[in-house]
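Q: Hi! I have a new model open and would like to go through it with you. Could you take a look with me?

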Amino acid sequence: MDASLELRGIVAGYGQGDILRGLDLDVPAGQITCLIGPNGAGKSTVLRVISGLLEPRAGHVRLAGEDVTGWSPQRMLERGVAHVPQERSLFPSMSVWDNMLMGAYIIDDRAAVVRRATEIADRWPIVARRRNDLAGSLSGGEQKTVEIARAMMLDPPVICFDEPSVGLEPRARKNIFGILAELSSDGRTILLVEQNARSGLAIAHTGAVLDAGIARLVAPASELLESPEVGRLYLGAP
Ligand SMILES: Nc1ncnc2c1ncn2[C@@H]1O[C@H](COP(=O)(O)OP(=O)(O)O)[C@@H](O)[C@H]1O
Ligand SMILES: [Mg+2]
C-alpha cells in the first residue's frame with residue numbers, strides 16, 4: 001500500500017484561536033518524516049488532526065490519495081493509521097499482555113488477536129519477558145516500548161509518534177530511536193514529532209519545522225541538521 005499522508009491548508013485549534021493556520025505537509029510513504037518546532041507550536045495538534053482526534057476547521061487530510069478529513073479515530077485506526085501519544089497510555093493496573101490485547105480492541109476475532117500478540121512477543125523480547133507484570137511496574141522506557149508494540153497489534157502501515165523519547169534516560173532513548181528505525185525498515189510510513197530534534201532528524205529522511213501554524217521549512221533531514229541557521233533557531237546547542 002502506498003501509505004503517504006498529505007495535509008493541505010489545515011486550519012485547526014481549540015476554542016477560539018487557530019493553532020494551525022493553513023498547514024501543508026507531505027509525509028511520503030515508507031519514510032520517516034520528523035516534525036520539529038518550539039513547545040506549543042502545534043506539533044501534537046498536527047498528529048491529533050491526522051488521527052481523527054481533532055477535526056480541522058478547514059483543509060484536507062489525504063491518506064494514499066483518499067480524502068480522510070474528519071474521519072473518526074476508530075475509522076483511521078481501521079484504515080491503518082496508528083497514533084502513539086506523548087503521555088503514558090498503558091493501563092497501569094493491567095498486565096503487559098492485556099494491554100497488548102487492548103491494542104486490537106476493534107477486532108472481534110479474539111483468537112486472531114492472541115495470535116498477533118504472540119507474533120509480536122516473538123519479535124519484542126520485552127513483551128514476552130514482562131507479559132504477566134503490571135504495566136505500571138515497568139520503567140518509562142519499557143512502557144514506551146510496550147506502547148509501541150501495542151500499536152503494532154493492528155500492523156499499521158502509518159504510525160504517528162508524539163515525542164516518544166521524552167523523559168527517558170539516554171540508553172532508553174537510543175533504544176526507542178532504534179525501534180523507530182526498525183519499523184521504518186519494514187516499509188512503514190512514520191511521522192515523528194520530537195523535542196530531541198537532533199536525534200529525531202538523525203533517523204529521519206525528511207525534516208519539517210512547524211512555526212506559527214505552518215510548515216515553515218521542509219528539507220532533507222541531513223540538510224536541516226547541517227544548517228547553522230536551523231541549528232541556532234530550532235535545534236539548540238549540539
Ligand atoms: N485541549 C486543548 N485545549 C486548549 N488549548 C490546547 C489544547 N491542547 C493544546 N492546546 C494549545 O494549543 C497550542 C499547541 O499545542 P500542541 O499542539 O500541544 O503543541 P506542541 O505539541 O507543539 O507543544 C498550545 O498553545 C497549547 O496550549
Ligand atoms: Mg506536543
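Q: Let's start with Cys34: is it buried or exposed?
A: Cys34 is buried, with a relative accessible area of 0%. Keep in mind that this is a predicted model.

Q: Which cysteine sulfur is nearest to that of Cys34, and how far away is it?
A: That would be the sulfur of Cys160, 13 Å away. Cys34 takes part in no disulfide.

Q: Why no bond between the two?
A: The 13 Å between the sulfurs of Cys160 and Cys34 is too far for a bond, because a disulfide needs the two sulfur atoms within 2.5 Å. Cys160 is buried as well, and its relative accessible area is 0%.

Q: How many disulfides are there in the whole structure?
A: Zero, according to a search of the whole structure.

Q: OK, on to charges. How many salt bridges turn up?
A: The search of the whole structure gives 14 salt bridges. One of them pairs Asp18 with Arg57, with the closest N and O atoms 2.4 Å apart.

Q: Where do those two partners sit in the chain?
A: Asp18 belongs to strand S2 (residues 17-27), while Arg57 is in the loop between helix H1 (43-51) and strand S4 (58-63). They are 39 residues apart, and the pair links distant parts of the chain.

Q: And how accessible is each of them?
A: Asp18 is partly exposed, at 31% relative accessible area. Arg57 is partly exposed too, at 42%.

Q: While we're in S2, what about Leu20? Buried or exposed?
A: Leu20, which also lies in strand S2, is buried with a relative accessible area of 0%.

Q: How far is Leu20 from Ala58?
A: In sequence they are 38 residues apart, and in space their C-alpha atoms are separated by 9.9 Å.

Q: Back to salt bridges. What is Glu119 paired with?
A: Glu119 pairs with Arg116, at 2.9 Å from N to O. Both belong to helix H4 (residues 110-123), and being three residues apart, they are separated by about one helical turn.

Q: Which of those two is buried and which is partly exposed?
A: Arg116 counts as buried at 19% relative accessibility, so it falls under the 20% cut-off. Glu119 is partly exposed at 48%.

Q: What about Asp211, who is its partner?
A: Asp211 forms a salt bridge with Arg216, and the N to O distance is 3.5 Å. Both count as partly exposed: Asp211 has a relative accessibility of 22%, and Arg216 has 45%.

Q: Which residues do shared salt-bridge partners join into one network?
A: The members are Arg116, Glu119, Arg123, Asp155, Glu182, Asp186 and Arg188.

Q: Asp155 caught my eye. What is its phi?
A: Asp155 has a positive phi of about 50 degrees, although it is not a glycine. You'll find Asp155 in the loop between helix H6 (140-151) and strand S7 (158-162), where it is partly exposed with a relative accessible area of 42%.

Q: And what is phi of Ala212?
A: Ala212 has a positive phi near 55 degrees, and it is a residue other than glycine. The loop between strand S9 (206-211) and strand S10 (214-220) holds Ala212, which counts as partly exposed at 44% relative accessibility.

Q: Switching to the ligand: which residues are around ligand 1?
A: Here they are: Tyr14, Ile19, Pro38, Asn39, Gly40, Ala41, Gly42, Lys43, Ser44, Thr45 and Arg48. By type, that shell divides into four nonpolar, five polar and two charged residues.

Q: Which element gives the most to that shell?
A: H1 does, with four residues.

Q: Let's talk contacts. How far is the side chain of Thr45 from an oxygen atom of ligand 1?
A: An N or O atom in the side chain of Thr45 is 2.5 Å from an oxygen atom of ligand 1. The backbone takes part as well: an N or O atom of the Gly40 backbone lies 2.7 Å from a ligand 1 oxygen, and for a backbone N or O atom of Ser44 the distance to a ligand oxygen is 2.9 Å.

Q: What share of the ligand's accessible area does the protein cover?
A: The protein covers 57% of the 560 Å² of accessible area that ligand 1 has on its own.

Notes: Residues are numbered from 1 along each chain as its sequence is written. Chains are lettered from A and ligands numbered from 1 in the order in which they are written. This is a predicted model: local features need pLDDT of at least 70, side-chain atom pairs count only at pLDDT 80 or more; totals for chains, interfaces and linings use all residues. Side-chain values use heavy atoms; hydrogens and water are left out. A salt bridge is a side-chain nitrogen of Lys or Arg within 4 Å of a carboxyl oxygen of Asp or Glu. Helices (H or I, at least four residues) and strands (E, at least two) are DSSP runs, numbered from the N terminus. Buried means under 20% relative accessible area, exposed over 50%, partly exposed in between (1.4 Å probe, protein chains only). A residue is near a molecule or strand if one of its heavy atoms lies within 4 Å of it. A polar contact is a pair of N or O atoms within 3.5 Å; within protein, one must be able to donate a hydrogen and the other to accept it, and residues adjacent in sequence count only if both atoms are side-chain atoms. Accessible areas come from the Shrake-Rupley method with a 1.4 Å probe; for residues, only the protein chains shown count as cover. Ala, Val, Leu, Ile, Met, Phe, Trp, Tyr, Cys and Pro count as nonpolar, Asp, Glu, Lys and Arg as charged, and the others, Gly among them, as polar.
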